[in-house]
Structures are given as structure tokens and as C-alpha cells.
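Welcome, and please open the structure in your viewer. We will walk through it one selection at a time, with a little to look for at each stop.

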Amino acid sequence: MFKLLGTSDDVTTCDCCGKRGLKMTVALDRDGEVVHFGRDCAGAALYGRKSAGNTDRVKFWAGWIAYARRTIAAGTDAAFAAAEDRLSRAGIEAARCGDELMVRTPQGWTAVAA
Ligand SMILES: [Zn+2]
């Protein structure tokens with residue numbers, strides 16, 4: 001079972017297929033272990049098969065998680081409120097939990113740290 005955690009510009013090799021030199025990877029929780037997959041492989045891991053639609057779903061959720069991380073980076077109440085409001089207007093459930101913003105992805109709640 002995989003869950004989307006976020007994105008990384010530092011890890012550029014896919015742990016799934018070994019492809020190198022990617023612009024970015026998607027960080028996934030695989031049964032408690034963090035792995036980095038390219039977006040196509042992440043689409044297959046999260047949604048069952050490689051397809052343009054599934055890669056787009058990964059881009060959608062990875063984009064919102066990256067947005068949430070950027071927005072709460074200041075760590076202020078206003079920053080958290082702004083992120084929660086924007087996500088909620090996009091139809092995505094989000095709730096502050098201490099220093100983290102919980103974002104509800106199709107695979108479950110992902111904790112986004114500031
Ligand atoms: Zn791959």
C-alpha cells in the first residue's frame with residue numbers, strides 16, 4: 001500500500017525502475033518505508049497502472065502537497081489558515097494538527113510539515 005508524501009527535487013532517480021536524471025521524484029510511503037518514484041511509476045503505484053491520467057493524478061496531488069508545504073512554511077496561524085482555506089476551496093480536506101497540516105489524499109491523510 002502506497003501513500004503520497006510529497007515531492008523531491010534532490011532525489012532524481014526512480015526507486016521503482018531505476019530511471020535517472022528525473023526533474024523531480026514523488027516521495028511515497030510504502031508500508032512505512034519512504035521511497036522515491038518518478039511520476040509515471042508513482043501513478044502506477046498509487047492508481048494501479050501507468051497511464052497519462054494516473055500521472056496527471058500524481059501531479060495534481062503532489063502539486064497540492066507542495067503548495068501546502070510552501071504556504072505553511074512561515075509556521076504562523078495565518079499561514080495555516082490560508083493553506084486550509086485554499087485547499088478547502090479546491091475540495092480537498094485539510095486540518096491543522098500541531099505543527100503539521102493533514103491533507104486528505106485518496107490514499108489517506110498525509111502529514112505536511114512546515
Ligand atoms: Zn520509475
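In which order do the three strands of the open sheet with β4 lie? They are arranged as β4-β5-β6, and their pairing is antiparallel. Keep in mind on this tour that you are looking at a predicted model.

**Stop 1: the whole chain**

Zoom out before going further. The protein chain contains three helices and six strands. Followed along the sequence, these elements make the pattern β-β-β-α-α-α-β-β-β. The radius of gyration is 14 Å, close to the 13 Å that the globule rule gives for 114 residues, so the chain is as compact as a globular protein of that length. If you draw a box around the C-alpha atoms along the principal axes, it takes roughly 40 × 25 × 25 Å.

**Stop 2: the sheet of β4, β5 and β6**

Select residues 94–97 for β4 and 108–113 for β6; these are the edge strands, each pairing on one side only. On average, neighbouring strands of this sheet are turned by 30° against each other, direction ignored.

Now add β5, residues 100–105, which pairs with β4 in the antiparallel sense over four bridges. To see the two strands face each other, show Ala95, which stands opposite Met102 in β5.

On its other pairing, β5 joins β6 through six bridges, again in the antiparallel sense. Pick Glu100 and look for its bridge partner in β6, which is Ala113. How many residues lie between β5 and β6 in their hairpin? There are two residues between them.

**Stop 3: helices over this sheet**

Select residues 52–72 to bring up helix α2, which lies across β4, β5 and β6 and runs at about 165° to β5. Next select residues 77–89 for helix α3, lying across β4 and β5 at about 160° to β4.

Two packed helices are described by the angle between their axes and the distance between the axes. For α2 and α3, that angle is about 155° and the axes are 8 Å apart. The two helices are therefore roughly antiparallel to each other, and α2 passes α3 in a right-handed crossing.

Which residues make this contact? From α2, colour Trp64, Ala68, Thr71 and Ile72; from α3, colour Ala79, Phe80, Ala82, Ala83 and Leu87. Sorted by class, the contact of α2 with α3 has eight nonpolar residues, one polar and no charged ones.

**Stop 4: the sheet of β1, β2 and β3**

Turn to the other end of the strand list. Here three strands form an open sheet in the order β1-β2-β3, with antiparallel pairing. Its edge strands are β1, residues 2–8, and β3, residues 33–37, and each of them pairs on one side only. From one strand to the next, the twist averages 30°.

Select residues 25–30 to show β2, which is joined to β3 by five bridges and runs antiparallel to that strand. Asp29 is a good residue to click on: its bridge partner in β3 is Val34. β2 and β3 also form a hairpin with two residues between them, and in the turn Asp31 has a positive phi of about 50°.

**Stop 5: helices on this sheet**

Show residues 39–47, helix α1, which packs on the sheet and touches β1, β2 and β3; its direction makes about 30° with that of β2. Helix α2 packs on this sheet as well, touching β1 and β2, with its direction at about 60° to that of β1.

**Stop 6: where α1 meets α2**

Keep both helices on screen. At what angle do α1 and α2 pack? The angle is about 95°, with the axes 8 Å apart. This is why α1 and α2 are described as roughly perpendicular to each other.

To colour the contact, choose Arg39, Asp40, Ala42, Gly43, Ala44, Leu46 and Tyr47 in α1, together with Asn54, Thr55, Arg57, Val58 and Lys59 in α2. The residues of this contact divide into five nonpolar, three polar and four charged.

Definitions and conventions. Residues are numbered from 1 along each chain as its sequence is written. This is a predicted model: local features need pLDDT of at least 70, side-chain atom pairs count only at pLDDT 80 or more; totals for chains, interfaces and linings use all residues. Two strands pair if DSSP finds at least two bridges between them. Axes are lines fitted to C-alpha atoms, for helices over the stretch in contact, and angles run from 0 to 180 degrees between N-to-C directions. Two residues are in contact if their C-beta atoms, placed from the backbone, lie within 7 Å. Angles under 35 degrees count as roughly parallel, over 145 as roughly antiparallel, 65 to 115 as roughly perpendicular and the rest as oblique. A crossing is left-handed if the near helix is turned anticlockwise from the far one by less than a right angle, and right-handed if clockwise. Ala, Val, Leu, Ile, Met, Phe, Trp, Tyr, Cys and Pro count as nonpolar, Asp, Glu, Lys and Arg as charged, and the others, Gly among them, as polar. The radius of gyration is taken over C-alpha atoms; the globule rule is 2.2 Å times the number of residues to the power 0.38.
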